[in-house]
Amino acid sequence: MKLVTAIVQDKDTTKLSNAFVKANVRATRLTTSGGFLRSGNTTFLIAIEDERVQAVLDIIQSVSQKRKQYMVPPVSLDAGGAHVGAYPVEVEVGGATVYTQSIESFHQF
(Lines give C-alpha, C1' and ligand atoms only; values in the text may rest on other atoms or scores of the structure.)
Protein backbone atom coordinates (compact mmCIF):
# COMPACT_ATOMS: atom_id res chain seq x y z
CA MET A 1 0.00 0.00 0.00
CA LYS A 2 1.04 3.56 -0.68
CA LEU A 3 -0.14 6.90 0.61
CA VAL A 4 -0.44 9.44 -2.18
CA THR A 5 -0.65 13.05 -0.97
CA ALA A 6 -1.61 15.44 -3.76
CA ILE A 7 -1.81 19.23 -3.33
CA VAL A 8 -3.79 20.90 -6.11
CA GLN A 9 -5.17 24.36 -6.78
CA ASP A 10 -8.80 24.86 -5.71
CA LYS A 11 -9.84 25.40 -9.33
CA ASP A 12 -9.02 21.74 -10.06
CA THR A 13 -10.60 20.22 -6.94
CA THR A 14 -14.09 19.37 -8.20
CA LYS A 15 -12.88 17.97 -11.50
CA LEU A 16 -10.25 15.86 -9.73
CA SER A 17 -12.77 14.58 -7.15
CA ASN A 18 -15.09 13.52 -9.97
CA ALA A 19 -12.24 11.76 -11.79
CA PHE A 20 -11.37 9.85 -8.59
CA VAL A 21 -15.00 8.75 -8.14
CA LYS A 22 -15.18 7.60 -11.77
CA ALA A 23 -11.97 5.55 -11.31
CA ASN A 24 -13.17 4.12 -7.96
CA VAL A 25 -10.38 5.85 -6.02
CA ARG A 26 -11.23 6.77 -2.44
CA ALA A 27 -9.70 10.07 -1.37
CA THR A 28 -9.91 12.30 1.68
CA ARG A 29 -10.04 16.03 0.87
CA LEU A 30 -8.48 18.65 3.13
CA THR A 31 -8.78 22.37 2.56
CA THR A 32 -5.31 23.93 2.73
CA SER A 33 -3.62 27.20 1.83
CA GLY A 34 -0.13 28.41 1.22
CA GLY A 35 2.47 28.48 -1.47
CA PHE A 36 3.90 31.36 -3.44
CA LEU A 37 0.55 33.09 -4.01
CA ARG A 38 -0.89 32.12 -0.62
CA SER A 39 -3.93 30.88 -2.47
CA GLY A 40 -6.44 28.19 -1.64
CA ASN A 41 -5.42 24.62 -2.26
CA THR A 42 -6.88 21.22 -1.62
CA THR A 43 -4.84 18.31 -0.32
CA PHE A 44 -6.00 14.82 -1.23
CA LEU A 45 -4.93 11.84 0.89
CA ILE A 46 -5.24 8.55 -0.98
CA ALA A 47 -4.36 5.10 0.38
CA ILE A 48 -3.99 2.88 -2.69
CA GLU A 49 -2.59 -0.50 -3.69
CA ASP A 50 0.91 -0.39 -5.17
CA GLU A 51 -0.25 -1.54 -8.61
CA ARG A 52 -2.78 1.35 -8.83
CA VAL A 53 -0.38 4.18 -7.89
CA GLN A 54 0.54 5.01 -11.50
CA ALA A 55 -3.15 5.18 -12.48
CA VAL A 56 -3.76 7.68 -9.65
CA LEU A 57 -0.75 9.75 -10.71
CA ASP A 58 -2.02 9.75 -14.30
CA ILE A 59 -5.43 11.04 -13.16
CA ILE A 60 -3.85 13.80 -11.10
CA GLN A 61 -1.57 14.84 -13.96
CA SER A 62 -4.37 14.90 -16.53
CA VAL A 63 -6.69 17.03 -14.37
CA SER A 64 -4.30 19.39 -12.58
CA GLN A 65 -3.26 21.71 -15.37
CA LYS A 66 -0.75 24.53 -15.09
CA ARG A 67 -2.02 27.94 -16.13
CA LYS A 68 -0.71 31.49 -16.32
CA GLN A 69 -2.06 34.15 -13.98
CA TYR A 70 -1.20 37.77 -13.21
CA MET A 71 -0.46 38.83 -9.66
CA VAL A 72 0.66 42.03 -8.01
CA PRO A 73 3.70 41.45 -5.79
CA PRO A 74 3.47 42.81 -2.24
CA VAL A 75 4.70 46.39 -1.83
CA SER A 76 7.74 46.72 0.41
CA LEU A 77 7.65 49.59 2.89
CA ASP A 78 11.43 49.33 3.32
CA ALA A 79 12.18 51.26 0.12
CA GLY A 80 13.67 54.23 1.99
CA GLY A 81 10.71 56.50 1.30
CA ALA A 82 10.94 56.11 -2.47
CA HIS A 83 7.67 55.46 -4.25
CA VAL A 84 7.73 51.88 -5.44
CA GLY A 85 4.88 50.99 -7.77
CA ALA A 86 3.64 47.44 -7.85
CA TYR A 87 3.08 46.15 -11.36
CA PRO A 88 1.37 42.89 -12.18
CA VAL A 89 3.65 40.05 -13.15
CA GLU A 90 2.74 36.85 -14.96
CA VAL A 91 3.29 33.66 -12.97
CA GLU A 92 2.58 30.00 -13.61
CA VAL A 93 0.10 28.42 -11.19
CA GLY A 94 -1.71 25.14 -10.92
CA GLY A 95 -0.43 21.69 -11.54
CA ALA A 96 0.03 19.43 -8.55
CA THR A 97 2.60 18.64 -5.92
CA VAL A 98 2.45 14.91 -5.16
CA TYR A 99 4.18 12.83 -2.49
CA THR A 100 4.10 9.03 -2.42
CA GLN A 101 4.97 7.14 0.75
CA SER A 102 4.89 3.50 1.77
CA ILE A 103 2.23 2.58 4.31
CA GLU A 104 3.38 0.20 6.99
CA SER A 105 -0.14 -0.58 8.11
CA PHE A 106 -3.65 0.18 6.82
CA HIS A 107 -6.91 -0.37 8.69
CA GLN A 108 -10.46 0.42 7.76
CA PHE A 109 -13.03 0.06 10.55
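**Exercise 1. At roughly how many degrees do the axes of H1 and H2 cross?**

Solution.
Step 1. This model is predicted. In it, the axes of H1 and H2 come within 10 Å and cross at roughly 150 degrees.
Step 2. Angles over 145 degrees count as roughly antiparallel, so H1 is roughly antiparallel to H2.
Step 3. The H1/H2 crossing is right-handed.
Step 4. On the H1 side, the contact is made by Lys15, Leu16, Ala19 and Phe20. On the H2 side, Val56, Ile59, Ile60 and Val63 make it.
Step 5. Packed helices in general are described by the angle between their axes and the distance between those axes.

**Exercise 2. Place Ile59 in the structure and list what Ile59 touches beyond its sequence neighbours.**

Solution.
Step 1. Ile59 lies in helix H2.
Step 2. The relative accessible area of Ile59 is 15%. The limit for a buried residue is under 20%, so Ile59 is buried.
Step 3. With neighbours within four places in sequence left aside, Ile59 is in contact with Leu16, Ala19, Phe20 and Ala23.
Step 4. Ile59 and Phe20 are 39 residues apart along the chain, while their C-alpha atoms are separated by 7.6 Å.
Step 5. Leu16, Ala19 and Phe20 belong to the H1 side of the helix contact, and Ile59 belongs to the H2 side.

**Exercise 3. State the order of helices and strands along the chain.**

Solution.
Step 1. The chain has 2 helices and 6 strands.
Step 2. Read along the sequence, these follow the pattern β-α-β-β-α-β-β-β.
Step 3. The chain has 109 residues, of which 26% are buried.
Step 4. Among contacts with a separation of 6 or more, 71% are between residues 24 or more positions apart.

**Exercise 4. Which residues touch the most other members of the largest nonpolar core?**

Solution.
Step 1. The core has 15 residues, and Leu16, Phe20, Ile46 and Val56 touch the most other members.
Step 2. Two or more core residues come from each of strand S1 (2–9), helix H1 (13–22), strand S3 (39–48) and helix H2 (53–63).
Step 3. H2 gives the most, with 5 residues.
Step 4. Take Ile46 as a case. Apart from neighbours within four places in sequence, Ile46 is in contact with Lys2, Leu3, Val4, Phe20, Val25, Arg26, Ala27 and Val56. Phe20 and Val56 are thus both contacts of Ile46 and among the residues that touch the most other core members.

**Exercise 5. Compare the accessibility of Thr5 with that of Val98, and state how far apart their C-alpha atoms are.**

Solution.
Step 1. Thr5 is found in strand S1, and Val98 is in strand S6 (residues 96–102).
Step 2. Thr5 has 13% relative accessibility and counts as buried. Val98, at 32%, counts as partly exposed.
Step 3. The two residues are 93 residues apart along the chain, and their C-alpha atoms are separated by 5.5 Å.
Step 4. Outside the four-place window in sequence, Thr5 is in contact with Thr43, Phe44, Leu45, Thr97, Val98 and Tyr99.
Step 5. By the same rule, Val98 is in contact with Val4, Thr5, Ala6, Leu57 and Ile60.

**Exercise 6. Is Thr13 buried or exposed?**

Solution.
Step 1. Thr13 is found in helix H1.
Step 2. Thr13 has a relative accessible area of 4% and is therefore buried.
Step 3. Not counting residues up to four places away in sequence, Thr13 touches Val8, Arg29, Thr42 and Phe44.
Step 4. From Thr13 to Arg29 the sequence separation is 16 residues, and the C-alpha to C-alpha distance is 8.9 Å.

**Exercise 7. Which residue forms a salt bridge with Glu49?**

Solution.
Step 1. The structure holds 1 salt bridge.
Step 2. Glu49 pairs with Arg52, and the closest N and O atoms are 3.7 Å apart.
Step 3. The cut-off for this N to O distance is 4 Å.
Step 4. Glu49 is partly exposed at 33% relative accessibility; Arg52 is partly exposed at 28%.

**Exercise 8. Describe the backbone and setting of Asn24.**

Solution.
Step 1. Asn24 is in the loop between H1 and strand S2 (28–34).
Step 2. The phi of Asn24 is near 60 degrees, a positive value in a residue other than glycine.
Step 3. For most residues other than glycine, phi is negative.
Step 4. Asn24 has 60% relative accessibility and counts as exposed.

Note on methods: Residues are numbered from 1 along each chain as its sequence is written. This is a predicted model: local features need pLDDT of at least 70, side-chain atom pairs count only at pLDDT 80 or more; totals for chains, interfaces and linings use all residues. Side-chain values use heavy atoms; hydrogens and water are left out. A nonpolar core is a set of buried Ala, Val, Leu, Ile, Met, Phe, Trp, Tyr and Cys residues joined through side-chain atoms within 4.5 Å. Buried means under 20% relative accessible area, exposed over 50%, partly exposed in between (1.4 Å probe, protein chains only). Helices (H or I, at least four residues) and strands (E, at least two) are DSSP runs, numbered from the N terminus. Contact means heavy atoms within 4.5 Å. A salt bridge is a side-chain nitrogen of Lys or Arg within 4 Å of a carboxyl oxygen of Asp or Glu. Axes are lines fitted to C-alpha atoms, for helices over the stretch in contact, and angles run from 0 to 180 degrees between N-to-C directions. Angles under 35 degrees count as roughly parallel, over 145 as roughly antiparallel, 65 to 115 as roughly perpendicular and the rest as oblique. A crossing is left-handed if the near helix is turned anticlockwise from the far one by less than a right angle, and right-handed if clockwise.
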